[in-house]
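Student: I've got a structure here and would like to go through it with you, one question at a time. Could we start with the overall picture and then zoom in on side chains?

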Amino acid sequence: MKHIKILLSVVVLLLVTTSCNSEKSNKTQDTLAVYQCPMQCEGDKTYSENVSCPICKMDLKLIDEKSSKTLNDFEISDESIFNLNTKWNTEEGKAIQLKDLKGKNLVMVMIYTSCKAACPRLVADMRNIEAKIPKEKLKDLNFVLVSIDPKIDNPKRLKAFAIENKMDDEHWTFLQGSESGVREFANVLAMKYKQISPIDFSHSNIISVFNSDGELVHQQEGLGVDNKETVQYILQLTK
């Protein structure tokens, strides 16, 4: 008799657990589901709950791409620089990966702080682009300068460079990586550089624009060039 009571208790516990899990599963599916008016009264607008359309009052329908919006928040496309797993140090001494920059549109350039020729022009070009962006849109941007001379450009030096050039606001980031990490990233940007002396490099002059998912959308090549097209791409991303 005692054994039967124990067996019945176990069965009841399993039934309760299964029921809870089922409710939890259903709740998760409801959370991930995406609904839309069958008449598309509000264009592509979707809802997370199955309510009536506020315009035509028809019941919403479950659309095919249910759960895609929620799941895609965590996905990274094959074209994204956030797939690179190399580690970097910021000018604040914080260790990050490129995927930690996800969520903001990026304007990126590769320089080295001891450069006396091209890099000051590239820095000026970055500042010029920043000046043409409305201040309220800067919160959606991150201007990133990646050093090609990681031996010299440690976080302390990068921080001093940022302050000296008045690039220490929140929307500016400086990165020091490993030599292999820098080389890998340069290859992704099709940016070529070569050390020609212990303190000097020859390099391409490219400013790259990435969307908030880390996908390249535009590149500006040259020094002191007309940046109208670059600014237009950035403004489109920050709409």
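Student: How many helices and strands does the chain have?
Tutor: Keep in mind that this is a predicted model. Go along the chain and tally up the secondary structure: there are six helices and eleven strands.

Student: And what share of the residues is buried?
Tutor: The chain has 239 residues, and a residue needs to be under 20% relative accessible area to get into this group. As for the outside, the accessible surface comes to about 14600 Å², with 53% of that belonging to carbon and sulfur atoms. Back to your question: the buried share is 38%.

Student: Which share of the contacts between residues at least 6 apart joins residues at least 24 apart?
Tutor: Leave out the pairs that are closer in sequence than 6, and look at the contacts that remain in the chain. The part that joins residues at least 24 apart is 61%.

Student: Let's take one strand. How many residues of E6 are buried?
Tutor: Strand E6 covers residues 141-147. In a regular strand the side chains alternate between the two faces of the sheet. On one side of E6 you find Leu141, Phe143, Leu145 and Ser147, on the other Asn142, Val144 and Val146, and all are buried. That makes the strand mostly covered, with the buried count at seven of seven.

Student: Which residue is the bridge partner of Met110 in E6?
Tutor: E5 and E6 run parallel and are joined by seven bridges. Follow Met110 across to E6 and you land on Val146.

Student: On to the aromatics. What kind of pair do Trp88 and Phe185 make?
Tutor: The model has five aromatic pairs. For Trp88 and Phe185 the ring centres are 6.1 Å apart and the planes sit at 75°; over 60 degrees is the cut-off, so the pair is edge-to-face.

Student: How many residues apart in sequence are the parts that this pair ties together?
Tutor: Trp88 belongs to strand E3 (residues 87-90), while Phe185 belongs to helix H5 (residues 179-188). Trp88 is buried at 1% relative accessibility, and Phe185 is buried at 1% too. The pair therefore ties together parts whose separation in sequence is 97 residues.

Student: Why is the pair of Tyr193 and Phe201 called tilted?
Tutor: A pair of aromatic rings is described by the distance of the centres and the angle of the planes. Here the centres of Tyr193 and Phe201 are 6.3 Å apart and the planes are at 50°. Stacked needs under 30 degrees and edge-to-face needs over 60, so with its 50° this pair counts as tilted.

Student: Which residue forms a cluster with Tyr193 and Phe201?
Tutor: Tyr193 is buried at 11% relative accessible area, and Phe201 is buried at 8%. Tyr193 also has the charged end of Arg183 over its ring, 3.9 Å from the centre. The aromatic cluster that holds Tyr193 and Phe201 also includes Tyr112.

Student: Now the charges. How many residues apart are Asp213 and Lys102?
Tutor: The structure holds six salt bridges, and Asp213 with Lys102 is one of them, at 3.5 Å from N to O. Asp213 is in the loop between strands E10 and E11, Lys102 in the loop between strands E4 and E5. Asp213 is partly exposed at 34%, and Lys102 is partly exposed at 31%. This bridge links distant parts of the chain, with a separation of 111 residues.

Student: Take the salt bridge of Arg157 and Asp153: is Asp153 buried or exposed?
Tutor: The two side chains meet at 3.3 Å, N to O. Arg157 is partly exposed at 36% relative accessibility. Asp153 comes out at 0%, and the cut-off is under 20%, so Asp153 is buried.

Student: Last one, on the backbone. Where does Lys166, with its positive phi, lie?
Tutor: Lys166 is not a glycine, yet has a positive phi of about 55°. At 63% relative accessibility Lys166 is exposed. Its place is the loop between helix H4 (155-164) and strand E7 (172-177).

How values were computed. Residues numbered from 1 in each chain as written. Predicted model: local features only at pLDDT ≥ 70, side-chain atom pairs only at ≥ 80, totals over all residues. Heavy atoms only, no water. Phe/Tyr/Trp six-rings, centres within 6.5 Å; stacked < 30°, edge-to-face > 60°. Helix = DSSP H or I, 4+ residues; strand = E, 2+ residues; numbered from the N terminus. Buried < 20%, exposed > 50% of the residue type's maximum accessible area, 1.4 Å probe, protein only. Lys NZ or Arg CZ within 6 Å of the ring centre and 35° of its normal. Salt bridge = Lys/Arg side-chain N within 4 Å of Asp/Glu carboxyl O. Contact = heavy atoms within 4.5 Å. Areas by Shrake-Rupley, 256 points an atom, 1.4 Å probe, with all protein chains shown as cover. Pairing = 2+ DSSP bridges.
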